[in-house]
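Biologist: I should like a close look at the salt bridges in this structure, and at the parts of the model that surround them. Please proceed pair by pair.

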Amino acid sequence: MNSFESLRSRLERRQRYLHGLAAMGWVLVVTLGLTALLGVLGSLQLLPTIAPTHWVSVNLLVGALAFAVGWLRPLNRTEMFFRADRNLRSHEQLVTLYELSSGDGAREFLPLLERRLERLSLDVREALPMAQGDRLRWAGVLALALVCLGTTSFVQLGIFSPSPLSPLPSEGEGSREVRGLLEDSREMADWLQALPSAQKLASLRERLERAREALALNPNDPRARAALQQLQAEISEEQGRVLPPSPAGSQAGRAGPEASLREGAEETARPRTDSSDQTSRLDQLIQGLRSIQGQAQNLSPQELQELLDQLRQSDLAPLVGQALQSVQSSAELNEKLEELLRNLEERQRLNEALENLQSEIQSALSQPEAQTARSGEEASASAPPQAGSQSSQGSLAEGAEAQPGERPEGEESQSSAGYGHAPLDPEAVQDLPDLSQMRERARSLSVPGPQDQDLQILFEIISMGLPQGADAPTEITPVQIDYEKVETLIDVLEIPVELRESVRRYFLSLSKR
Amino acid sequence: MTLEKKIHDLQAKFSALLEEIHSVIIGHEDVIRQTLIGLLCGQHLLLEGVPGLGKTLLVRTLGQALGLRFARVQFTPDLMPADIIGTRILMEDESGRRYFEFARGPIFAHLVLADEINRATPKTQSALLEAMQERSVTVSGETYKLEEPFMVLATQNPIEMEGTYPLPEAQVDRFFFKILLRYPSLGELEQILQRHGSSHESLSVRQVLTREELLEAQQLVAQWPLASPLRRYAARLVYATQPSCAEAPELVKKYVEYGASPRAALALVRGAKAHAFLSGELNTRIADIQAVFYPSLIHRIIRNFRGEAEGISVERILEQVYEHVQPA
């Protein structure tokens, strides 16, 4: 049974839908054409690559707007009914009915025609099919969308295939390795999520102060000593959370093509015995990430894919595996790497603060009553200046306020001659480039190289050790090499890994002044 | 009586009329249908065909089946207008007083067969055509209305040109349809021999429709629903016969001097309505327009000299128009 009114509303909806699709098709042909053009130019590295999420969302939005405009387009109902009649071969009954119902013609025929209409079998899709031109246009839209997908590597980066960092498991040994990698990835992801807060450190420090006060009143107070030992255990536990977990899978056979990563691979193959190993692993992870970050600038989709493949093969895979799953451009990769680096550096700072606390506790437990409080201060002063946590900032402030004549004994024991330079790792110093080599490398940099004067300061820092006390530069000039630039420089100048942290600390200490 | 029932009854009666005519006339389905269309539209028809094809028989049968007054006028060169219209004759009453009385001519019938109309002089032809157009006759200042239904079926012989007075284009345009009678097929000819070969007497036809019913059907057909896209299609078809029209096909532009007049468009639309009625539909269809396209336009296209010289037939021109102009 077809009531003309219901048929009319169905046909109108269908016609509006077709208008919407037609408008959408036209607009998408244009916008996807432009997107494809940009994609091609991007793949030729003539323009920056467009992220698939961006063009997809923009095209969808524009298409939806066009559809709405088409839907709201005024209808020519006479033409619509006439077309429906032609397609349904209904002998122009619909258009006649429409015109009679609109008051055009002899209305007494209207009920007769309506009764005839009830006997007709009507399908609105058959009555108003999509025009051939619209079909072709939508085929063009589809083709252009595929071109866009191809040029922006949408498929490669895991929308339609598994992530390059989580390959499909294969049979046998390979699959066991993959499973181990996935477990490591999950463990690492959990570890990255769980970052101890500065409040926790403040609470530990508060408890340490209370225990020290108790020991100051009674050096043999067993409760205070027990509290300190408890605190020591808790700090160890916190350090365990801050430092990276040991790899679960068998990683001995996995080594990346990157030289910097290979160093880390050898390290991670060894079993963890104490926190110093884990600290060094954290350092290596940071260095490895920085190395990758240096390579991940303005990559074409193909280069990006290769880099991701290398990462998958490297020992960094567990760390970056989950974070880089949805990466689709080098800009996103850099963003993710930056985020990971921030996390790891924060951990590094927290670890140092925790180590300071440990040494303070150790000192409090080992010193007699009169020296307990003083040794705590010394420990704080001797700790390298830190940034990023409450306790490290406190230590830094104490260090900064100390005058050359009031230097604590503990620090004197660490410096070569009280003032002058803090000695660096003698083994690492052997690998140092000389000044002429550094100058040569600086000249070959693609980024603006350091001034000769800055290069000399840098050379002195890494060859002779950190300037201390009066020898520390009072001028602010060297700090004008901003931190980011320093990071780039120490990477590009191939400063040995062991010395990089010292250079960073030096610049941080200068910036605090 | 409801409209539906009225329509149903009238359509049934016209179907019976068709059957009745077919019981006498063999073949000529299109001709009979077109004749009925002219009848339903109350318009005049021009039948063209060689002698002996049954033109007169068709008109007579129609008259009998409708119960209408039928008159036949054989047109000859000496036929005068008064022979058709009628004349005033001197009469004398019982008291001896003389007076003129109008003696009605054959045109006062319901169905008039003007046989071989192109044999009469233009003067006589004009008198007939004026009466056809005005549906009234004026004699000595007095007007006599012709009774409805009034329909003239004129025939002309296309092969005898000697001693004929071909109708001028303006006169031909007044005919609703020009119906071409083709020679019957072999099978039809055999049937004609079988049915009419044994007796000189014409077959009897029963009356299936009254005059009132015919008038009612004419009124109904006049208001038969026709959608605007179909009106547009009809107009486009007629307009495409004009050589100046952009949509006109190549043959029209090349070989037509004058295209069809607006009267042709009216004939097309009215004829389509009547065709829909006869087809049992409740609305006019594109198929109805297409069915009456040729008889409506064939006598209204005037070829230019080149067209005539190259022997381009009007049928061929119309065929191209028909194929060229598609329903929107």
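Modeller: The answer below treats the charged pairs, then the backbone, a pocket and a surface patch. The model is predicted, and the distances and accessibilities given here are computed from it.

Over all chains, the count comes to 29 salt bridges. In general terms, side chains of opposite charge can pair when their charged atoms come close. One of these pairs in chain A is formed by A:Arg77 and A:Glu12, with 2.5 Å from N to O. A:Arg77 belongs to helix α3 (residues 77-88) of chain A and A:Glu12 to helix α1 (residues 4-43) of chain A, so this salt bridge ties together parts that lie 65 residues apart in sequence. With a relative accessible area of 24%, A:Arg77 is partly exposed. A:Glu12, by contrast, is buried, since its relative accessible area is 15% and burial is assigned under 20%.

A further salt bridge in chain A links the side chains of A:Arg86 and A:Glu92, at 3.9 Å from N to O. The cut-off for such a pair is 4 Å, so the value of 3.9 Å for A:Arg86 and A:Glu92 falls within it. A:Arg86 is partly exposed at 36% relative accessibility, whereas A:Glu92 is buried at 4%.

In chain B, B:Glu116 and B:Arg119 meet through their side chains in a salt bridge of 3.1 Å, N to O. Both B:Glu116 and B:Arg119 are buried. Elsewhere, salt bridges with shared partners join A:Arg116, B:Glu281, B:Arg285 and B:Asp288 into one network.

B:Glu116 also deserves attention for its backbone. Most residues other than glycine have a negative phi, and most peptide bonds are trans. The phi of B:Glu116, however, is positive, near 50°. B:Glu116 sits in the loop between β5 (111-115) and α5 (122-134) of chain B, and its relative accessible area is 19%, which means that it counts as buried.

B:His28 likewise has a positive phi, of about 55°, although it is not a glycine. Its place is in the loop between α1 (3-22) and α2 (29-41) of chain B, and a relative accessible area of 13% makes B:His28 buried. Another backbone feature of chain B is the cis peptide bond from B:Glu148 to B:Pro149, with omega near -5°. B:Pro149 lies in the loop between β7 (142-145) and β8 (151-156) of chain B.

Charged residues also take part in the second largest pocket, which holds about 660 Å³ of space. Its lining comprises 23 residues, and B:Glu48, B:Gln156, B:Lys178, B:His299 and B:Arg303 are the closest to the centre. By type, the lining divides into 11 nonpolar, 6 polar and 6 charged residues. Among the elements of chain B that each supply at least two lining residues are β1 (45-48), β9 (177-180) and α15 (314-324).

A nonpolar counterpart is found on the surface of chain A. A:Leu38, A:Val40, A:Leu44, A:Leu46, A:Leu47 and A:Val147 make a nonpolar surface patch of about 500 Å². Within this group, A:Leu46 is located in the loop between α1 and α2 (52-71) of chain A, and it is exposed at 59% relative accessibility. A:Val320, in helix α14 (residues 317-320) of chain A, is instead buried, with a relative accessible area of 0%.

Methods. Residues numbered from 1 in each chain as written. Chains lettered and ligands numbered in written order. Predicted model: local features only at pLDDT ≥ 70, side-chain atom pairs only at ≥ 80, totals over all residues. Heavy atoms only, no water. Helix = DSSP H or I, 4+ residues; strand = E, 2+ residues; numbered from the N terminus. Buried < 20%, exposed > 50% of the residue type's maximum accessible area, 1.4 Å probe, protein only. 1 Å grid on protein atoms, 1.4 Å probe; cavity = no way out; pocket = protein on both sides within 12 Å on 5 of 7 lines; lining within 4 Å. Points joined across faces, edges and corners; volume = space filled by probe spheres on them. Nonpolar A, V, L, I, M, F, W, Y, C, P; charged D, E, K, R; others polar. Patch = residues over 30% accessible without salt bridge, like charges linked within 9 Å, V, L, I, M, F, W, Y side chains within 5 Å. Areas by Shrake-Rupley, 256 points an atom, 1.4 Å probe, with all protein chains shown as cover.
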